[in-house]
Structures are given as C-alpha cells and as structure tokens.
Amino acid sequence: MTFGDGSDYGRFCADCFRSNVFGKFRLAVTSHAMITPSDNVLVAFSGGSSSRVAIQFVHEWQVALKNYEASRDRSLPVFGVGVAFVDENSTEARDRLVKLLDSVSDVTGKEDLLVHLKMLSLQKVASENGYNRLVLGTCTSRLASHVLTATVK
C-alpha cells in the first residue's frame with residue numbers, strides 16, 4: 001500500500017510482505033548476475049532466521065526457474081543448490097578453537113578471527129564439492145555492524 005507522498009504505509013499482510021521481499025531478492029540476484037543458470041550454489045546455514053530465509057528464497061527461485069524453463073526448453077541449465085552447516089559444537093574442534101581464540105587478546109580480534117575461520121571453512125567445503133557460489137543469510141543489522149566496525153578500524 002503506497003500513499004501519495006511515495007512512502008510505504010508499512011502494513012502488509014504476511015503473504016504480500018513475503019512476496020515483496022522475494023521479488024527484491026530475485027531482482028537483485030538476477031540484475032547483478034550473482035547467480036547464473038550454470039552455477040552451483042552452496043547456501044550457508046546457521047539455523048538462524050536469516051539463513052532459513054536464504055535457503056527458502058534460493059530454493060523457490062530454483063524451482064521457479066525449473067518450472068519456467070521446463071515449459072520452454074528442457075536443455076537449458078538451472079543452477080544447482082547445496083546446503084552447508086558449520087557445526088560449532090564438535091567437542092575436540094571446539095576445544096582447539098577456544099584455545100586459539102584465547103590466544104587473541106582483544107574482543108574485536110577474536111570476532112574477526114572467528115568470522116574469518118567460518119568463511120574459510122565454507123569456502124573449503126564449496127571448493128571441494130564443486131560449488132562456485134556461496135550464499136550467506138546475513139541480516140541488515142549484522143551488515144551494519146560490519147560496516148561500522150570496518151569504518152572504525
């Protein structure tokens with residue numbers, strides 16, 4: 001619902017809100033060629049709401065493309081999808097990680113190291129399993145935090 005001043009009223013039904021956000025996701029991904037039909041996409045899953053939405057949107061877009069392309073020409077490729085979950089509760093690995101993090105004295109350094117190690121793990125899984133794209137479900141507050149942190153550094 002839009003008013004004469006061009007602003008959104010902000011009250012959507014659940015289906016309208018979801019449809020609106022999915023449309024923005026699809027437009028952003030396609031207009032910037034972030035995922036192409038020949039790609040193999042790995043979605044990082046943390047269990048949080050942002051990664052659940054990322055999995056759902058990527059899956060829905062894949063199904064929509066398959067249905068659209070299948071009705072036209074079955075020879076056209078549609079990107080593949082896989083899911084990776086980094087288990088942070090593995091006891092032996094967790095003990096080594098805690099020891100490594102304890103060797104870093106400042107809190108920001110610890111957080112940076114942890115984020116870096118997660119990304120390395122995801123990139124390794126993607127590379128070893130033939131994925132050429134990695135999708136992360138990152139919320140805007142996390143992105144804002146990263147931008148502010150990088151600016152301060």
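Arg133 counts as partly exposed, at 30% relative accessibility, and in this predicted model its side chain forms a salt bridge with Asp39 in which the closest N and O atoms are 3.1 Å apart. Because Asp39 lies in the loop between helix 1 and strand 1 while Arg133 belongs to strand 3, the pair ties together parts of the chain that are 94 residues apart in sequence. The partner, Asp39, is buried, with a relative accessible area of 6%. The points below take up the other salt bridges, the fold of the chain, the pockets and two single residues.

**Other salt bridges**

- The structure holds four salt bridges, and one of them joins Arg18 to Glu60, with the closest N and O atoms 2.1 Å apart.
- This pair links distant parts of the chain, since Arg18 sits in helix 1 and Glu60 in helix 2, with their positions 42 residues apart in sequence.
- Arg18 counts as partly exposed at 32% relative accessibility, and Glu60 also counts as partly exposed, at 23%.
- A further salt bridge brings together the side chains of Glu111 and Arg142, at 3.7 Å from N to O; here the link runs from helix 4, which holds Glu111, to helix 5, which holds Arg142, and the two residues are 31 apart.
- Glu111 is partly exposed, with a relative accessible area of 37%, and Arg142 counts as partly exposed at 40% relative accessibility.

**Fold and surface of the chain**

- The protein chain has five helices and three strands, and when read along the sequence these follow the pattern α-β-α-β-α-α-β-α.
- Among contacts between residues at least 6 apart in sequence, 66% join residues that are at least 24 apart.
- Of the 153 residues in the protein chain, 16% count as buried.
- The chain exposes about 10,900 Å², and carbon and sulfur atoms supply 56% of that area.

**Largest pocket**

- The largest pocket has a volume of about 700 Å³, and of the 23 residues that line this pocket, Ser46, Lys118, Gly137, Thr138 and Arg142 are the closest to its centre.
- The elements that give two or more residues to this lining are strand 1 (40-45), helix 2, strand 2 (80-85), helix 4 (107-128) and helix 5 (140-152).
- Helix 4 provides the largest share of the lining of the largest pocket, with six residues.
- By class, the lining of the largest pocket is made up of eleven nonpolar, eight polar and four charged residues.
- Arg142 therefore appears in two settings, as one of the residues closest to the centre of the largest pocket and as the partly exposed partner of Glu111 in a salt bridge.

**Second largest pocket**

- About 350 Å³ of space lies in the second largest pocket, which is lined by 14 residues, the closest to its centre being Ser50, Val53, Gly137, Thr138 and Cys139.
- Gly137 and Thr138 are thus named among the residues closest to the centre of the largest pocket and again among those closest to the centre of the second largest pocket.
- Helix 1 (14-31), helix 2, strand 3 (133-136) and helix 5 each supply at least two residues of the lining of the second largest pocket, and the largest share, five residues, comes from helix 2.
- The lining residues of the second largest pocket divide into nine nonpolar, five polar and no charged.

**Single residues**

- Gln62 has its place in helix 2 (residues 49-72), and at 10% relative accessibility Gln62 counts as buried, because the cut-off for that class is under 20% relative accessible area.
- Leaving aside neighbours within four places in sequence, Gln62 is in contact with Val78, Phe79, Gly80 and Val81.
- Most residues other than glycine have a negative phi. Ala33, although it is not a glycine, has a positive phi of about 50 degrees.
- Ala33 lies in the loop between helix 1 and strand 1, the loop that also holds Asp39, and Ala33 counts as partly exposed at 44% relative accessibility.

Note on methods:
Residues numbered from 1 in each chain as written. Predicted model: local features only at pLDDT ≥ 70, side-chain atom pairs only at ≥ 80, totals over all residues. Heavy atoms only, no water. Helix = DSSP H or I, 4+ residues; strand = E, 2+ residues; numbered from the N terminus. Buried < 20%, exposed > 50% of the residue type's maximum accessible area, 1.4 Å probe, protein only. Contact = heavy atoms within 4.5 Å. Areas by Shrake-Rupley, 256 points an atom, 1.4 Å probe, with all protein chains shown as cover. 1 Å grid on protein atoms, 1.4 Å probe; cavity = no way out; pocket = protein on both sides within 12 Å on 5 of 7 lines; lining within 4 Å. Points joined across faces, edges and corners; volume = space filled by probe spheres on them. Nonpolar A, V, L, I, M, F, W, Y, C, P; charged D, E, K, R; others polar.
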